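Open the model in your viewer and keep the selection box handy. We'll go from stop to stop, picking out one piece at a time.

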Amino acid sequence: MENFEIVLNEDEIFEGNFFFVSYSHQDGDVVREDVNALINRGVRLWIDHRNENDENMSLGDDWQDKVKRAVLHPNCRGVIFYNSGAARASEAIWLEEKYTLERKQEDPDFKHFVINIDGKTQTEIINIAFLKMMEKSIAQKYGEASVRQQVLFGTEKESVLYHLREDSEACVEALYAKAVELGVADDKLVMVKTLERTGLASKDSGEVCFGCYKGEFVAKVAAQPNGRANGAIYQDSKAYKERKLFWRVLYVKDGKTVMLCSEQVEQCPATNLKDALKAFAEIAFNEQERAAVTAVRLLNASDEENTEDGAVFDFGDEPVSWWIDEPGLVEKWWQRVYKNGGRYGHGFLKSLMKGLRPVIEVSSADLEKIKKEK
């Protein structure tokens, strides 16, 4: 069985709502196909790599405690059971069934989903399971597990998703609908994965390549409009080499993708914030990009509230300050933000501005249509 596309990182998964995936290693190829598709659509999944005994090899010797912690974690919204004879005959998976029932007793809203692989009914699957238990000489241990399985898998209930898996696409659609319903699909991750496929986002960093800005100074030129042309940036009768701009996706909301520039751009030739941002946008984006951008501004308190991963104050090695707006104050007043996260408020003065770090709001639909220029 090939590995899944991501390595289990509990700290990241536990940050938001997620589903726990219970499966037998014998069904690994089937599960991997569905799981990779769900991950690529931004669904948070707790899933590990298993050996022939269905022991969780990616978790170390204390895997049983980690499985219990995951299922009982308050952000776990449900368990996806890939239901097969191999899974029902697995002692390791019996533990996952036990923890699932414990959680359902504590939380009536906790869900479980049954994806049938081996047959249309639980009876057909149990018949296969008994043969496998006889092979492993564990049939005599099945009593308690059989009671739990009857509760979880025996009778179809309106509150449980039962799905006969005939192909991956239909199964993924059914599970994705539940992920959206229960808040397990991460809109930000969906967008980043989409942009990776169009070439705009890096698969390593997740940063989005969008627009260009001033690079190395080339020469003074005859007067012409500020902007981009033929691989060069023109501003105030000077020509610069283009360099690509990279952005960090902060969040996706109301059809807009909000991104923070990953660097400070050079000081713009303006004496007020509005003109500085206008000058930046004028030369940073081409016609297609400009049509997709609905706002160019600075970071504000609302962005911080909507951003969960700490990206707002990840300064990297930047030694200088940047700017943040204060909603409700007179437009000329802004805050400088320092590398340690501290802030100092004063007027927008060109002499004090060491660099802008802009935020852009982009139409998500338009952004998805833009492909990276090769």
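Which residue in β3 stands opposite Phe 18? Select Phe 18 and look across to β3: the residue facing it there is Cys 76. Before going on, bear in mind that you're looking at a predicted model.

**Stop 1: the whole chain**

Zoom out and colour by secondary structure. You should find 13 helices and 15 strands. The chain has 374 residues, and 49% of them count as buried. Switch on the surface if you like: about 18400 Å² is exposed, with carbon and sulfur atoms supplying 47% of that. Among contacts in the chain with a separation of 6 or more, 71% are between residues 24 or more positions apart.

**Stop 2: the parallel sheet**

Now go back to the sheet around Phe 18. Select β1 (residues 18-22) and β3 (residues 76-83): these two run parallel and are joined by five bridges. They belong to an open sheet of five strands, and if you step across it the order reads β2-β1-β3-β4-β5, with parallel pairing. At the edges you'll meet β2 (45-46) and β5 (161-164), each of which pairs on one side only.

Next, add helix α3 (residues 63-72). It lies across β1, β2 and β3, and it runs at about 135 degrees to β1.

**Stop 3: α3 and its helix partner**

Keep α3 on screen and select helix α5 (residues 91-106) as well. How do these two sit relative to each other? Their axes come within 9 Å and cross at roughly 30 degrees. Angles under 35 degrees count as roughly parallel, so that is the label for α3 and α5. The crossing in which α3 passes α5 is right-handed. To see what makes the contact, show side chains: on α3, pick Trp 63, Gln 64, Val 67, Lys 68, Val 71 and Leu 72. On α5, the contacting residues include Leu 95, Tyr 99 and Arg 103.

**Stop 4: another helix pair**

Hide those and select helix α2 (residues 28-40) with helix α8 (residues 168-181). Here the axes come within 10 Å and cross at roughly 50 degrees, which makes α2 oblique to α8. As with the previous pair, check the handedness: α2 passes α8 in a right-handed crossing. From α2, the contact uses Glu 33, Asp 34, Ala 37 and Leu 38; from α8, show Ser 168, Cys 171, Val 172, Leu 175 and Tyr 176.

**Stop 5: two hairpins sharing β8**

Finally, jump to strand β8 (residues 232-235). Start with its partner β7 (residues 227-229), which runs antiparallel to β8 and is joined to it by three bridges. Label Ala 229 and you'll see it stands opposite Ala 232 in β8. The two strands form a hairpin with two residues between them, and Asn 230 in the turn has a positive phi of about 55 degrees.

Then add β9 (residues 238-253), which runs antiparallel to β8 with four bridges joining the two. Ala 232 shows up again here, standing opposite Lys 241 in β9. β8 and β9 also make a hairpin with two residues between them; the turn residue to click is Asp 236, with a positive phi of about 50 degrees.

Which way do the β8 side chains point? Ala 232 and Tyr 234 go one way, Ile 233 and Gln 235 the other, and all are buried. In a regular strand, side chains alternate between the two faces of the sheet.

Key:
Residues numbered from 1 in each chain as written. Predicted model: local features only at pLDDT ≥ 70, side-chain atom pairs only at ≥ 80, totals over all residues. Heavy atoms only, no water. Buried < 20%, exposed > 50% of the residue type's maximum accessible area, 1.4 Å probe, protein only. Contact = heavy atoms within 4.5 Å. Areas by Shrake-Rupley, 256 points an atom, 1.4 Å probe, with all protein chains shown as cover. Pairing = 2+ DSSP bridges. Axes fitted to C-alpha atoms, helices over the stretch in contact; angles between N-to-C directions. Parallel < 35°, antiparallel > 145°, perpendicular 65-115°, else oblique. Left-handed = near helix turned anticlockwise from the far one by under 90°.
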